[in-house]
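Open the model in your viewer and keep the selection box at hand. This tour goes stop by stop.

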Amino acid sequence: MGEAIEKAAERVIEYMQENLGEQLTVDDMARAALFSKFHFSRAFQRVTGVSPGRFLSALRLQRAKHLLLSTSLKVADISIQVGYASVGTFSSRFSRSVGLSPTAYRRLGGFTTDVPTADRYILARRSTGSVYGEIRTEDHGRQGKVFVGLFPDRIPQGRPAQCAVLDRPGPYRLEPVPTGVWYLLAYWVADEDTGGDGPTWVGSGGPVVVYPDAPVPVDATLAPMTSLDPPVLLALLDVRQAALTAVGLRRVSAGAGQAN
C-alpha cells in the first residue's frame with residue numbers, strides 16, 4: 001500500500017507540474033491520483049509531509065525561480081505562467097518564501113549569502129532553548145557546505161527560527177531557538193570547485209519540541225532530492241563566495257561542540 005500511495009503522489013506531482021498555470025482544485029488532484037477526494041489529501045501528506053495545496057504553491061515558486069534564471073520574461077509574465085493572477089501577490093509571496101524579490105533573485109543568479117533568522121527583538125522577549133545533533137550522509141566523498149535551519153513546517157522557506165552553515169556534514173548546534181514546534185531542514189550544495197552546480201541533497205528531522213533552557217537532540221540524513229521532496233524555496237547559499245559572514249548566518253565548522 002505504501003508503494004501505491006507513493007506512485008499516486010508522483011502522478012499528482014507530475015500533473016501539478018504540467019498545469020502550474022491553471023487553478024487546480026483538490027478534486028482535480030484526487031482524480032489524477034486515482035484516489036477518492038476523502039483519502040487523497042491525507043495520503044498525499046503522509047508521503048510528502050505537506051498538504052497538496054502547500055506542495056502546489058511550492059512547485060509554482062520553484063518554477064518561477066527557474067524561469068527567472070533561464071529566460072528574459074518579465075516578472076509579470078512569469079507570475080501568470082505559474083498561476084498567479086496578480087503580479088503583486090506573486091512578488092510578495094516569492095519574496096517571503098525565497099528571501100529575495102524576483103528581480104533581486106534574477107540579478108544575483110539565484111544565490112544569496114544572507115539568510116535572515118527570526119527577529120532578534122522577538123527572540124529577546126520569548127523563552128528560548130537550543131537544538132543540536134548531527135547531519136549525516138552515506139556519501140563521504142562529496143564535498144560542499146550544508147545549510148541547517150529550523151522552520152515552522154516541512155518546506156524550507158521564509159525566515160528560519162535559527163540557522164547555521166556547516167563546512168561539511170557533521171555535528172551542529174542551533175541557539176537561541178524560540179520555544180515551540182519546529183522542523184529541522186538541511187540542504188547540501190555542491191563543492192566550490194564545481195561553481196555551485198550539481199544536485200541538491202536534502203535532509204529533515206522533527207517535528208521537534210523546543211523547551212526553555214533545554215537542549216534538544218535531532219539528527220538528519222542527507223540524500224539526493226526526489227520528486228516527493230518539497231522544493232527548497234530559499235535561495236541557495238553562494239558557495240562561490242570566500243566568506244559567508246552576512247547578517248543572519250553563522251559559519252560553523254564540522255567540529256562544532258555538542259551538548260554535554
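**Stop 1: strand E2 and its partners**

Select strand E8, residues 215-217, together with E2: three bridges join the two strands, which run parallel. Pick out Val131 of E2, and its bridge partner in E8 is Val216. Keep in mind that this is a predicted model.

Now show the whole of E2, residues 128-137. How many of its 10 residues are buried? Eight are, and the strand counts as mostly covered.

Add strand E9, residues 220-224. E9 pairs with E2 in the parallel sense, over three bridges. Select Thr137 of E2 to find the place: its bridge partner in E9 is Leu222.

Next, add strand E5, residues 171-178. In which sense do E2 and E5 pair? They pair in the antiparallel sense, over six bridges. Look at Tyr132 of E2, whose bridge partner in E5 is Arg173.

**Stop 2: strand E3**

Clear the view and select residues 146-151, which form strand E3. Six of its six residues are buried, and E3 is mostly covered. Turn the strand to see one side, with Val146, Val148 and Leu150. Turn again for the other side, with Phe147, Gly149 and Phe151. Are these two faces covered or open? Both are covered, and all of the residues just named are buried.

Bring in strand E4, residues 162-166. E3 and E4 pair in the antiparallel sense, over five bridges. Then bring in strand E6, residues 180-188. E3 and E6 also pair in the antiparallel sense, here over six bridges.

Stay on Val148, a useful marker for this stop. Which residue of E4 stands opposite Val148? That residue is Ala164. In E6, Val148 stands opposite Ala186.

**Stop 3: Thr200**

Follow the chain on from E6. Select Thr200, in the loop between E6 and strand E7 (201-210). Is Thr200 buried or exposed? Its relative accessible area is 19%. The cut-off for buried is under 20%, so Thr200 counts as buried.

Show the surroundings of Thr200. Neighbours within four places in sequence are left aside here. Thr200 is then in contact with Tyr187, Trp188, Pro224, Met225 and Leu236.

**Stop 4: helices H1 and H4**

Select helix H1, residues 2-18, and helix H4, residues 52-70. They pack at an angle of about 45°, with their axes 10 Å apart. Angles under 35 degrees would count as roughly parallel, and 65 to 115 as roughly perpendicular. H1 and H4 are therefore oblique to each other. H1 passes H4 in a right-handed crossing.

Show the side chains where the helices meet. From H1, the contact is made by Ile13, Met16 and Gln17. From H4, Pro52, Phe55, Leu56, Leu59 and Arg63 take part. Colour the residues of this contact by type: six are nonpolar, one is polar and one is charged.

**Last stop: the whole chain**

Zoom out and show everything. The chain has eight helices and 11 strands. Of its 260 residues, 48% count as buried.

Finally, display contacts between residues at least 6 apart in sequence. What percentage of these contacts join residues at least 24 apart? The value is 71%.

How values were computed:
Residues numbered from 1 in each chain as written. Predicted model: local features only at pLDDT ≥ 70, side-chain atom pairs only at ≥ 80, totals over all residues. Heavy atoms only, no water. Buried < 20%, exposed > 50% of the residue type's maximum accessible area, 1.4 Å probe, protein only. Helix = DSSP H or I, 4+ residues; strand = E, 2+ residues; numbered from the N terminus. Pairing = 2+ DSSP bridges. Contact = heavy atoms within 4.5 Å. Axes fitted to C-alpha atoms, helices over the stretch in contact; angles between N-to-C directions. Parallel < 35°, antiparallel > 145°, perpendicular 65-115°, else oblique. Left-handed = near helix turned anticlockwise from the far one by under 90°. Nonpolar A, V, L, I, M, F, W, Y, C, P; charged D, E, K, R; others polar.
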